[in-house]
Amino acid sequence: MRHPLDPLGHDEIRTVATILGREHGVGEGWRFASIELIEPAKADLRTFENGGPRPARQASAVCLDRATNTTHKAVVSLDDDRVDSFDHIPGVQPNFTVDEFNECDQLLRTNPELLAALARRGIHDIDLVFFDTWTYGAAVAPPEFADRRLGWSDTWLKDGPGMNPYAHLISGLHCVIDVNAMEVLRVEDDEHIEIAPVMGEYTPRHIPEHIRAAQRRDPLTPLHITQPDGPSFTLDGNLLRWQNWSLRVGFNYREGMVLHTVRYRDGERDRSVAHRLSFAEMVVPYRDPSADHYRRTAFDIGEWGLGFMTTSLTLGCDCLGEIRYLDAVLHDSSGEPYTIANAICIHEEDNAVLWKHVDHHAGAEVRRMRRLTISFHVTVANYEYLVYWRLYQDGNIECEVRATGIMVTTPLAAGAPNPNGTLVDERTYAPYHQHFLVARLDLDVDGPENTVYMSESYAEPIGPDNPHGLSLVTRNVALRTEDEGKQDVDFGTQRGWKVVNTNVRSRLGTHPAYKLVPTGAIPAMFDPDSPVLQRANVIGHALWVTPNSPDERWPAGEFVNQSEVDSGLGEWTKANRPIANTDVVLWYVFGIHHITRPEDWPVMPVDVVSFWLKPFGFFDRNPALDVAPSPAECHNS
């Protein structure tokens, strides 16, 4: 029997589609934009874990009627084989689907007006052309088509078969598409800038020999990571245990991988750290107002879904060591399930020294650090995002994201300026852009009732009690309301945030906490009236704190495709609800301020950002004192 948090399986996805077809005619002419598990309430899950009944197994489905351009949201009872609700959601567009992306490409390949525009540019081999369809924000969508489901396309040219499809942007050539009717509404054939002779290839067989020769380096000797006795973790279905840690690994179409019920065994106690950790949105605005880029703002999670974009991982390339994989089950737009093999990678890594001290008489005590890494990779058009959650033996949790892939580039006219980007090849620039990632952190530190404290350091002024100016003190301020919970990073005071359980005291008489240590936070740098900021209030602050609500999952709103205004955090927090000593959610915004470089072209070395969740008074002392010693020849006992 499935655990209540296990993702939907093939049979359950197919059952949802069958029931909705039977009871509401969802079939031909419809699309399933999403089908996912409705996770049980915390109270019901606790009852189940204490021996009570299994919570009802339910699924949520978002369905699009193409003929009427209407969106419907359904709740389906899998236990009772029925539809519990089927509601029309007016005025919204659900996420795009992979099927729609592929169908748009096929549509554009046969459009006579577009083919003629290509021919005027001297492009006749359509097999070398790639069409990249993006979603719209309402502020930049053509107002005459506001009542339609819209996409807009870029046009790209490959240098040859199998070569980089993002090598050459055909500037000034874009299409507006009715994605329901699969109809080209407009071909925008504007000023064309001649393609520059750039080298946009990254696979060895396509890189010119003179470049390969200039960059040739000695090969590396093999690096083997072996665990002859197998890994130290256990995986029972989706239940993962390692070095006092336990958690359940989930997956859905929108967030991709999710970590549930994260706990740490402290002596005889199994202590709660987090109920749910995931990514809830990713906003990528391009900071170039030119005709080729003014529409280019992606909501990669809300408009497309990290789950749908997840790719299979390969041993020796994506993951190294003694690996265990989890597959993921998703669906196409007809509701037919499919499997992403090896979607999630789980493995241990050596990470140098955990702790060490050398005593003049007793010698050295050394413990090496081992960490458990749980990862998945997504490909969203030209970019890859590699997501790693890491658990440490000392109770730390690290979340790291690596961005790689291929930058969007644009040809320049001879002598033309490029104020909004960096020249990366001959007459070719890459626009500046930003990657805002929003982590949704439902922490339950020793239970669900927590208070968030802003914590910072400052130096006291020189005075009678501080004559040498040495006094450094900390300030901890409880955040009591949602307005107070809107926080920004201040590296000048080393500001961070503690999630504290004030209802519990440790042996030392203090309250247990986990501290969010911010790194990688970036400023929005938008005018308050900017359409991007109106659609995504969340990027205006580094941290938001809200009371937990099962209906509040998406920080820029549930339906961001073709949105005009924020219907998420910007709306919820207007109520200025109390957040002290309650079940809270932290929304942490971090990312990459990508001032593009020539070194990022033609394929980008990973750019790495991360943040930490660190125990702060959660333990009475170093919890890694019991880590096994290093081999005898490396230390003195």
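**Exercise 1. Strand β24 in a predicted model**

Eleven of the eleven residues of β24 are buried, so this strand is largely enclosed by the rest of the structure. The model is a predicted one. Task: find which residues of β24 point each way, and which strands pair with β24.

Solution.
- Step 1. Start with a general rule: side chains in a regular strand alternate between the two faces of the sheet.
- Step 2. Sort the residues. H433, H435, L437, A439, L441 and L443 point one way from β24. Q434, F436, V438, R440 and D442 point the other way. All of them are buried.
- Step 3. Look for partners. Strand β14 (residues 269–285) pairs with β24 in the antiparallel sense, over eight bridges. β30 is joined to β24 by nine bridges, and these two also run antiparallel.
- Step 4. Use A439 as a marker. F279 stands opposite A439. Y588 in β30 stands opposite A439 as well.

**Exercise 2. An annotated tyrosine**

Task: locate Y383, decide whether it is buried or exposed, and list what it touches.

Solution.
- Step 1. Read the record. An unreviewed UniProt entry lists Y383 for "modified residue: 2',4',5'-topaquinone".
- Step 2. Place the residue. Y383 lies in strand β19 (residues 383–392).
- Step 3. Judge its exposure. The relative accessible area of Y383 is 2%. Buried means under 20%, so Y383 is buried.
- Step 4. List the contacts, leaving out residues up to four places away in sequence. Y383 touches Y286, V378, T404, G405, I406, M407, H433, H435, H594 and M604.
- Step 5. Link back to β24. H433 and H435, among the contacts of Y383, point one way from that strand.
- Step 6. Add the wider annotation. In the unreviewed UniProt entry, "domain: Copper amine oxidase catalytic" covers residues 223–625. That span is 3% helix and 47% strand, and its end C-alpha atoms lie 30 Å apart.

**Exercise 3. Backbone exceptions**

Task: say where M182, D446 and P602 lie, and what is notable in the backbone there.

Solution.
- Step 1. Set the expectation: most residues other than glycine have a negative phi, and most peptide bonds are trans.
- Step 2. Check M182. Its phi is near 50°, a positive value. M182 sits in the loop between β8 (173–178) and β9 (183–189). Its relative accessibility is 16%, so M182 counts as buried.
- Step 3. Check D446. Its phi is positive too, near 55°. D446 is in the loop between β24 (433–443) and β25 (451–459). This residue is buried, with a relative accessible area of 19%.
- Step 4. Check P602. The peptide bond from W601 to P602 is cis, with omega near 5°. P602 is found in the loop between β30 (584–594) and β31 (604–615).

**Exercise 4. A three-strand sheet**

Task: which strands are the edges of the open sheet β21-β23-β22?

Solution.
- Step 1. Note the order: β21-β23-β22, with antiparallel pairing.
- Step 2. Find the edges. β21 (410–411) and β22 (421–425) each pair on one side only, which makes them the edge strands.
- Step 3. Trace one pairing. Four bridges join β22 to β23 (residues 428–431). G421 stands opposite P431 in β23.

**Exercise 5. A surface patch**

Task: name the residues of the nonpolar patch and place L320.

Solution.
- Step 1. L223, I225 and L320 form the patch, with about 290 Å² of accessible area together.
- Step 2. L320 lies in the loop between α6 (300–304) and β16 (324–331).
- Step 3. With a relative accessible area of 38%, L320 is partly exposed.

Notes. Residues numbered from 1 in each chain as written. Predicted model: local features only at pLDDT ≥ 70, side-chain atom pairs only at ≥ 80, totals over all residues. Heavy atoms only, no water. Patch = residues over 30% accessible without salt bridge, like charges linked within 9 Å, V, L, I, M, F, W, Y side chains within 5 Å. Areas by Shrake-Rupley, 256 points an atom, 1.4 Å probe, with all protein chains shown as cover. Salt bridge = Lys/Arg side-chain N within 4 Å of Asp/Glu carboxyl O. Buried < 20%, exposed > 50% of the residue type's maximum accessible area, 1.4 Å probe, protein only. Pairing = 2+ DSSP bridges. UniProt positions renumbered as here; feature names shortened; annotations may be inferred. Contact = heavy atoms within 4.5 Å.
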